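Colleague: I would like to learn how to read a model like this one, feature by feature. Could you walk me through it?

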Amino acid sequence: MSNQKKRNFQIEAFKHRVVVDPKYADKTWKILEHAIHEIYNHNASGLSFEELYRNAYNMVLHKYGEKLYSGLVTTMTSHLREISKSIEAAQGDSFLEELNRKWNDHNKALQMIRDILMYMDRTYIPSTDKTPVHELGLNLWRDNIIHSSKIHTRLLNTLLELVLRERTGEVINRGLMRNIIKMLMELGSSVYQEDFEKPFLEVSAEFYRGESQKFIECCDCGEYLKKAERRLNEEMDRVTHYLDAKSEVEITNVVEKEMIANHMLRLVHMENSGLVNMLLDDKYEDMGRMYNLFRRVPNGLSTIRDVMTSHLRGTGKELVTDPEKLKDPVEFVQRLLDEKDKYDNVISMAFNNDKTFQNALNSSFEYFINLNPRSPEFISLFVDDKLRKGLKGVSEEDAEIILDKVMMLFRYLQEKDVFEKYYKQHLAKRLLSGKTVSDDAERSLIVKLKTECGYQFTSKLEGMFTDMKTSQDTMLGFYASHPELADGSTLVVQVLTTGSWPTQPTVTCNLPVEMSALCEKFRSYYLGTHTGRRLSWQTNMGTADIKATFGKGQKHELNVSTYQMCVLMLFNNADRLSYKEIEQATEIPSSDLKRCLQSMACVKGKNVLRKDPMSKEIGEDDAFFVNDKFTSKLYKVKIGTVVAQKESEPEKQETRQRVEEDRKPQIEAAIVRIMKSRRVLDHNNIITEVTKQLQSRFLANPTEIKKRIESLIERDFLERDNDDRKLYRYLA
C-alpha cells in the first residue's frame with residue numbers, strides 16, 4: 001500500500017450576506033402572540049404547531065430570543081391578570097372550583113406554549129440564565145394569582161375554614177382540597193410552607209390547645225386518651241388524603257404537644273382514672289394506648305415508668321412489711337408471684353415488652369423483697385410446700401413453670417446464701433421423711449440453682465441425694481447379712497455425710513429396748529464394712545410406724561416421729577404418766593417433748609393420748625393416758641408434729657449467726673484472690689471488688705470486709721503500706 005499525502009477538505013461559508021426583513025421579528029412575534037392568545041382562549045385546535053415551532057426557532061436563530069422571551073412574559077402576565085379577575089369574582093364554594101379550573105387550564109396552555117418554544121428553552125434560556133418556560137409559567141401564576149392581594153388571604157382562610165369544618169365533623173370536598181394543595185406544592189415548597197403550612201400549624205395548635213383543655217376538664221384519663229388517639233389518627237389521615245407527606249411530622253408534633261405533652265403529669269396522676277387506677281383494674285387497653293401516645297413525646301415513657309415504679313415499690317413494701325401478710329409464708333410468696341405475674345402481663349400486653357420497663361420491674365422487686373430479712377426463708381418454705389404437696393397432680397410442664405417463677409424471685413435475693421441454708425434444711429426434712437412429691441422436680445430445681453449460682457452452690461445438695469441412694473444399698477446389705485431380722489421390727493437407716501447435710505446438734509433420746517438392740521446391730525454391721533467412720537444417731541430427724549390397739553380392740557397403724565414413738569411405747573407398761581415421768585424416761589429436750597405431746601393429745605382427730613387437765617398448751621404438771629375412745633376412718637393414721645412452720649426468734653438468730661460465720665471464709669477467699677492478681681490495692685477498691693465478686697451469693701457488709709482484712713493482716717497474708725495506711729500489699 002503506497003503512502004499518499006492526506007488531503008484536508010474545508011467547507012467555507014457563503015461569501016454574500018443573507019438579508020433579513022427588518023420587520024421579520026415583529027411579524028413573527030405577532031403570529032406567535034396570536035397563537036398564545038388562542039391557546040388561552042381554548043381555540044388551539046386550528047393552530048399549526050409545526051409552523052409555530054419553526055417561527056420560534058427562526059426568531060432564536062436570528063438572535064431575537066430576548067424579544068421572544070420578553071413578549072412571552074408580557075402576554076402570559078396579561079392573560080393571568082384577566083384570569084385573576086375571573087377567580088376574584090367567584091363567590092362562596094365556587095371560589096376554589098374556579099381557581100382549580102383556571103389552574104388546570106393554565107397548565108394545559110403552558111404545556112402547549114412550552115412545546116412551541118422548545119428550541120428557545122433548550123438553547124437561548126440556558127445561555128442567558130433565564131427561567132425555563134414551564135417554571136416561568138408557574139412563577140407568573142404564583143405572582144399574579146396566588147400572591148394577588150384579593151386572592152392570597154381569601155385562599156388561606158378558605159382552606160383553613162374547610163379543615164376546621166372537617167375537624168368538627170362536616171364532610172368536605174377532599175378531591176378539590178387535594179388539587180389546590182397540590183397546586184401550592186407545585187409552585188414550590190416555600191409557597192406551600194409559607195402560604196399554607198405555617199398558618200395551618202398555628203391554627204391547629206390553637207384549636208387543639210382549646211380542645212385538650214375542654215376534654216381534660218370533663219373526661220377521665222382513658223376517655224381523654226381515646227380522643228387524643230382519634231385526633232392523631234385523623235390528622236395522619238388528612239395528610240394522606242390532601243396534605244404534603246412532609247407535613248405529617250409537623251402536624252402530629254402539634255397534636256402530641258398540645259394534647260399529650262402539655263397534660264402528661266395531670267393524665268398519669270388523674271384521680272380515680274390515672275395510671276395507678278389502670279394498674280389496679282388491669283386496664284391493659286388503656287395502658288397500651290397511654291404507652292403508644294406517650295412514647296411519641298419527650299420524657300413520656302419515663303413519666304409512665306416512674307409512676308409505675310413508685311406504685312409498685314409502695315405496694316411491694318406494704319406486701320413484705322405488713323405483719324398480717326407475714327403470718328403464712330406460702331401465701332406471702334404466692335402474693336409476690338401474683339404481683340410479678342400481674343406486672344409481667346402489663347408489660348407484655350400494654351407496654352410492648354419494653355426492656356426499660358422490664359428493668360424497672362426487676363429493680364423494684366429486688367428493692368422490696370430485700371426489705372424483709374425473712375424473704376429467703378419464706379421462699380424456701382414456699383418451695384418446700386410445693387415439693388411436699390403443692391405439685392401433686394400437676395403436670396411436668398406446669399411444675400417447671402412454678403419452679404421457674406420461684407427462681408425469678410430467687411434472683412432478686414441479695415442474701416442467696418441464707419436461702420441456701422434454709423433450702424438445705426427443708427430439703428433434708430423432705431428427703432428423710434420421704435415426703436417429696438417428685439424427685440424429678442427436686443433435681444430440676446437443683447439444676448436451675450446450679451445454672452444460676454454455679455457448682456459450689458449445689459454440690460452439697462447433690463451430695464444429699466447421693467447419700468439417700470447409698471443408704472438404700474446399705475440397708476439391702478444389712479438385711480442380707482441378718483436374715484433372722486426379717487420377721488421382727490424393721491429398721492431403715494439413712495446414713496448422712498456430715499458435711500453435706502445441715503448440721504444438727506446431737507440430741508439424747510432413750511430409744512425403746514427393741515429399737516436399741518436393732519440400732520446396735522446396724523452400728524456393728526456398718527462399722528465392720530466401713531473403716532475410719534463414726535456414727536451418731538439423729539433421733540430428732542427420724543420417723544416410725546407402730547401398731548396400736550385401742551379400747552374396743554380397734555387396731556390402727558400410727559405414723560409418728562421417733563420422739564412420738566418413744567413416748568407412746570412407755571404406755572405399754574403404764575396406764576398414766578406425768579409430764580415429768582415421760583421427760584425423765586425419754587430424756588427428750590423439753591421444747592421438742594412439749595410439741596410432741598401437744599400433737600398427740602391436743603389435735604382433734606389425731607388425739608391418741610388424753611391429758612389432764614384438758615387444755616391446748618402442755619404444762620409441766622400435766623398427766624397423760626391413752627385415749628381408749630380414739631377412732632378414725634383410716635387404718636393408717638399419720639400423727640404430725642405441731643411445729644412452727646417459721647423459725648422462732650432464737651432459731652432465727654442461730655441461723656443468722658451460722659450464715660455470718662459461713663460468710664467469713666468466703667470474704668477472706670475473695671480478698672486473697674483479688675490481692676493475688678492485683679498485688680497492691682487501696683481500701684475502697686478492695687471493698688468494691690469484694691462486693692462485686694460476692695454479690696451472686698450475698699451482699700457483703702463493708703464493716704465485715706474490713707474485719708476480714710484486719711484478720712488477714714494479722715495472719716501475714718497482707719500488709720499495710722508504710723507511707724499510705726489505706727494501701728494494702730499482698731504477701732506471697
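Colleague: Let me begin with a single residue: where is the place of Asp-129?

Modeller: Glad to help, and please keep in mind that this is a predicted model. Asp-129 sits in the loop that lies between α5 (118–128) and α6 (133–146). Its phi is near 55 degrees, which is a positive value in a residue other than glycine.

Colleague: Is Asp-129 buried or exposed?

Modeller: To read this, compare the relative accessible area with the cut-offs: under 20% is buried and over 50% is exposed. Asp-129 has a relative accessible area of 72%, so it is exposed.

Colleague: What is the phi of Asn-299, and where is its place?

Modeller: Asn-299 is not a glycine, yet it has a positive phi of about 65 degrees. You will find Asn-299 in the loop between α14 (284–294) and α15 (300–321). With a relative accessible area of 57%, Asn-299 is exposed.

Colleague: Now for a contrast. Is His-426 buried or exposed?

Modeller: His-426 is buried, because its relative accessible area is 9% and the cut-off for buried is under 20%. This residue is found in helix α20 (residues 416–433).

Colleague: Which residues does His-426 touch?

Modeller: For contacts, it helps to leave out the neighbours in sequence. Not counting residues up to four places away, His-426 touches Glu-377, Ser-380, Leu-381 and Asp-384.

Colleague: Let us step back to the overall layout. Into which domains is the protein divided?

Modeller: There is domain 1 (22–145), domain 2 (543–638) and domain 3 (650–730). Taken over C-alpha atoms, the centres of domain 2 and domain 3 are separated by 52 Å.

Colleague: I would like to read the strands next. How do β1 and β2 run, and how many bridges join them?

Modeller: Here is the general idea for a strand first. In a regular strand, side chains alternate between the two faces of the sheet. In this model, β1 and β2 run antiparallel, and seven bridges join them. One bridge to look at pairs Asp-545 with Asn-559 in β2. The two strands form a hairpin with five residues between them, and Gly-553 in the turn has a positive phi of about 75 degrees.

Colleague: How many bridges join β2 to strand β6?

Modeller: Three bridges join β2 to β6 (residues 636–638), and these strands run parallel. Leu-558, for instance, has Val-637 in β6 as its bridge partner.

Colleague: Why is β2 described as largely enclosed by the rest of the structure?

Modeller: Count the buried residues along the strand. Five of the seven residues of β2 are buried, so the rest of the structure largely encloses this strand.

Colleague: And helix α24: how many of its residues are buried?

Modeller: Seven of the nine residues of α24 (residues 562–570) are buried, and the helix is mostly covered. The buried residues are Thr-562, Tyr-563, Gln-564, Met-565, Cys-566, Val-567 and Leu-568.

Colleague: What covers the buried residues of α24?

Modeller: The cover includes α23 (513–529), β1 (543–549), β2 (555–561), α25 (579–586), α26 (590–601) and β4 (609–612).

Colleague: Let us move on to enclosed space. How many cavities of 30 Å³ or more does a search of the whole structure find?

Modeller: The search finds two. The largest cavity has a volume of about 50 Å³, and its lining includes Ile-146, His-152 and Asp-195. α7 (149–167) and α9 (189–218) are the elements that give two or more residues to this lining. α7 gives the most, with four residues. By class, the lining has six nonpolar residues, one polar and one charged.

Colleague: What lines the second largest cavity?

Modeller: The second largest cavity, with about 40 Å³ of space, is lined by Leu-160, Val-163, Leu-164, Arg-167, Phe-200, Val-203 and Phe-207. Here the elements that give two or more residues are α7 and α9. The largest share, four residues, comes from α7. The lining divides into six nonpolar residues, no polar and one charged.

Colleague: One last residue: where does Arg-725 lie?

Modeller: Arg-725 is in the loop between β8 (718–720) and β9 (727–730). Its relative accessible area is 51%, so Arg-725 is exposed. Along the chain Arg-725 and His-683 are 42 residues apart, while their C-alpha atoms are separated by 9.1 Å.

Note on methods: Residues numbered from 1 in each chain as written. Predicted model: local features only at pLDDT ≥ 70, side-chain atom pairs only at ≥ 80, totals over all residues. Heavy atoms only, no water. Domains from an automatic or database assignment. Buried < 20%, exposed > 50% of the residue type's maximum accessible area, 1.4 Å probe, protein only. Contact = heavy atoms within 4.5 Å. Pairing = 2+ DSSP bridges. 1 Å grid on protein atoms, 1.4 Å probe; cavity = no way out; pocket = protein on both sides within 12 Å on 5 of 7 lines; lining within 4 Å. Points joined across faces, edges and corners; volume = space filled by probe spheres on them. Nonpolar A, V, L, I, M, F, W, Y, C, P; charged D, E, K, R; others polar.
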